[in-house]
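Welcome! Open your viewer, get your selection tool ready, and follow along stop by stop.

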Amino acid sequence: MIPNVLSIAGTDPSGGAGVQADLKTFSANGAYGMSVMTALVAQTTTGVAEVHELPPEFVTSQLVTLLDDVRVDAVKIGMLANADVIRAVVAVLDRYRPPNVVLDPVMVAKSGDRLLAPDAVEVLREELLRRVDFVTPNLPEAADLLGEQEVRDADAMGAQAERLVGLGVKRVLLKGGHLEGESSVDLLSADGGVQLLDAPRVTTTNDHGTGCTLAAAIAALRPQRPDWSTAVRESKDYLTAALRAAERLDVGRGHGPVHHFHQWW
Ligand SMILES: Nc1ncnc2c1ncn2[C@@H]1O[C@H](COP(=O)(O)OP(=O)(O)OP(=O)(O)O)[C@@H](O)[C@H]1O
Ligand SMILES: Cc1ncc(CO)c(N)n1
């Protein structure tokens, strides 16, 4: 059976990040994609112009309407914008208890624009983290969640991943995309084991939405794979392929998108 996978996130009209990236990733990874918006964002490859946060009651309405009808096999949560939207999502998770919830704790866009209100970080840490099955912070997000300095090497990443588990998180992929080096290394801490996941660093300026893509692929693949570790490894390989395929795109003048492909012909 094809899994039904839901994205709860903000939008990107240029199609590189947010809900748009998630839906493309779901399709390319064999899932049926659905979406609930938290914020409409006027953004493109060069940055964010304006954010229109949706009323939390309307986020709830979208979720309840959907979940009353459709079985959901996995959820990817991205941009949540503010504390009230986080609380709305928390209430719905408690009521419907969907499986395989993956949280990308989006805080700041690659352009430097904030996508989560500073006072919402605490609500995310205290109320949402322990309710999800998997979290995918980048290094600045992990530091912010822990109230610590950003780390710069694999040993320190391992220690931070452990402390994130201490916050009640079940499984963590700490993403090292912000580090320099020939490979792009992430650290997976899941189900009692710690693993370094390595991939060749692709030289490209098309790196907008890499975090969204990775978390969405994990949500799409988890219901189709025997465990988290297999789903994450394949998701990382999918992201590397999508970064490489971006070479054939010509989208915008800034940080371009990655390319999601699934050729049926
Ligand atoms: N140039 C690259 N080549 C290969 N993998 C990359 C590259 N840049 C990032 N990655 C990988 O992409 C994933 C996302 O990493 P990153 O730390 O950039 O997340 P992010 O900051 O949340 O992304 P974004 O906010 O742009 O969506 C990680 O698996 C990282 O290792
Ligand atoms: C809507 C949205 N979510 C996440 C990101 C992070 O890349 C972004 N730029 N926009």
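How much of the chain over residues 12–259 is helix and how much is strand, and how far apart are the end C-alpha atoms? Select residues 12–259: helix makes up 39% and strand 17%, and the end C-alpha atoms are 15 Å apart. Helices (H or I, at least four residues) and strands (E, at least two) are DSSP runs, numbered from the N terminus. UniProt, in an unreviewed entry, places the feature "domain: Pyridoxamine kinase/Phosphomethylpyrimidine kinase" at these residues, 12–259; its positions are given in the numbering used here, feature names are shortened, and annotations may be inferred rather than shown by experiment.

A word before moving on: this is a predicted model, in which local features need pLDDT of at least 70 and side-chain atom pairs count only at pLDDT 80 or more, while totals for chains, interfaces and linings use all residues. Residues are numbered from 1 along each chain as its sequence is written, and chains are lettered from A and ligands numbered from 1 in the order in which they are written.

**The ligands**

Select ligand 1 and the 24 residues around it; Asn138, Gly177, Ser184, Thr210 and Gly211 come nearest. (A residue is near a molecule if its C-beta atom, placed from the backbone, lies within 6 Å of it.) Two or more residues of this shell come from each of α7 and α8 (228–245).

Next, pick ligand 2, which 17 residues surround, the closest being Gly10, Ala17, Gly18, Met79 and Ala109. Here β1 (4–10), β2 (32–44) and α7 (210–221) each give at least two residues.

**A strand pair**

Now show β7 (residues 172–175). Val172 and Leu174 point one way, Leu173 and Lys175 the other, and all are buried, meaning that 20 or more other C-beta atoms, placed from the backbone, lie within 10 Å of the residue's own (exposed is 12 or fewer, partly exposed in between). β7 pairs with β8 (residues 186–190) in the antiparallel sense over four bridges; pairing takes at least two DSSP bridges. Look for Leu173 opposite Leu188 in β8.

**A helix and a loop**

Move to α4 (residues 120–128), where Ala120, Leu124 and Leu128 are buried. They lie on the same side of α4 because they cover an arc of only 50 degrees around the axis, taken from the directions from the helix axis to the C-beta atoms.

Finally, select Arg97, in the loop between α3 and β5. Arg97 has a positive phi of about 45 degrees although it is not a glycine, and counts as exposed, with 9 C-beta neighbours inside 10 Å. Asn100 lies in the loop between α3 and β5; its phi is positive too, near 50 degrees, but Asn100 is buried, with 22 other C-beta atoms within 10 Å.
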